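Visitor: I'm new to looking at protein models. Could you walk me through this one?

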Amino acid sequence: MALSISRRIVRSFGSLSALGRRDSLSVTLHSCQDSDLSGHISGDKLPHAECFSFSKSGPSFLACRRFSTKILTPNPSGGDFPSDLLSSKTVQTPERTIGLYQDLVIPVTNFHNEDKGLMVLAGDVFDVPIRKDIIHRVVLWQLAKRQQGTHSTKTISEVSGTGRKPWQQKGTGRARHGTLRGPQFRGGATMHGPKPRNHAIKLNKKVRRLGLRIALSACAAEGKLLVFEDLEVPTHKTKNIVNYVNQMENTKKLLLVDGGPINEKLKLATQNLHYVNVLPSIGLNVYSILLHDTLVMSRDAVNRIVERMHTPINR
């Protein structure tokens, strides 16, 4: 195909070079497939390339332009954006390779399943390579940090009781003791017992951010990430959230993430549901993402998370 096109170009180039007397601009069009140029180009009649030869009283010049495999037609509704790209279908496919740092396009809806357009997710936040070791380290860091560490036991100096010697050293036939508050007696002290302390471990900020990116990328790759225009609910009734969750497939626990403070209506509507939790974007963490089947984020929350991931780390 390409060879035939090149031969046609050479022949047209030679013919136009021989005709140096032409003063007007001549254009030659070669298409890889037959198409009706006078009408609308549609269906399978799509040219893959067209070559133009220009000549004006001298040597001719060639210019080639390639066409894409699809020509976007005007939107019948009057908009400039094609209507087929505004559907509610998920754009990403399971065959996509994960971890290429490619920007993802995801449809935007709301609680009423209305189409709100599309949104581009940053590839360095929502399409990073999956590493289970990083997730494990971040989860251990979170669980250790939230441990209270208020457990305490009494030593021999803290146990109440007398300090005198219970009986004399020799002559009784019993074992020698100096106090009844020792660990071997009932009600005595605890040796080497737990004391209040901090259980937190150190983890670099880069690793923490990477863990959150991996968790978000895993949700996006599994199709468990939904983006809403906003998290506004009409009323504070719990049945609205229950009806929406029942319509979702393979969802047992739902996590709603909003950009700013949580709306009061949404807070009241979800406070009685143990399988629906609400978080602001500043509180989004790896452990909460792993505990839920589906992650729902608003546009504002996505923008704030991406901004936080792109903010330089203060040393």
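Visitor: Why is phenylalanine 111 called buried?

Guide: Quick note first: this is a predicted model, where local features need pLDDT of at least 70, side-chain atom pairs count only at pLDDT 80 or more, and totals for chains, interfaces and linings use all residues. Residues are numbered from 1 along each chain as its sequence is written, and side-chain values use heavy atoms, with hydrogens and water left out. Now, buried means under 20% relative accessible area, exposed over 50%, and partly exposed in between (1.4 Å probe, protein chains only). Phenylalanine 111 has 12%, so it counts as buried.

Visitor: And what makes phenylalanine 228 buried?

Guide: Its relative accessible area is 0%, so buried it is.

Visitor: How do you know that phenylalanine 228 and tyrosine 244 form an edge-to-face pair?

Guide: Rings of Phe, Tyr and Trp (its six-membered ring) pair if their centres lie within 6.5 Å; planes under 30 degrees apart count as stacked, over 60 as edge-to-face and the rest as tilted. Here the centres are 5.8 Å apart and the planes 75 degrees, so the pair fits edge-to-face.

Visitor: What does that pair tie together?

Guide: Phenylalanine 228 sits in strand 5 and tyrosine 244 in helix 5 (residues 238–247), so parts 16 residues apart in sequence are tied together. Helices (H or I, at least four residues) and strands (E, at least two) are DSSP runs, numbered from the N terminus.

Visitor: Which residues form the aromatic cluster?

Guide: Phe111, Phe228 and Tyr244 make up one cluster.

Visitor: Why is arginine 208 called partly exposed?

Guide: Its relative accessibility is 30%, so it lands in the partly exposed range.
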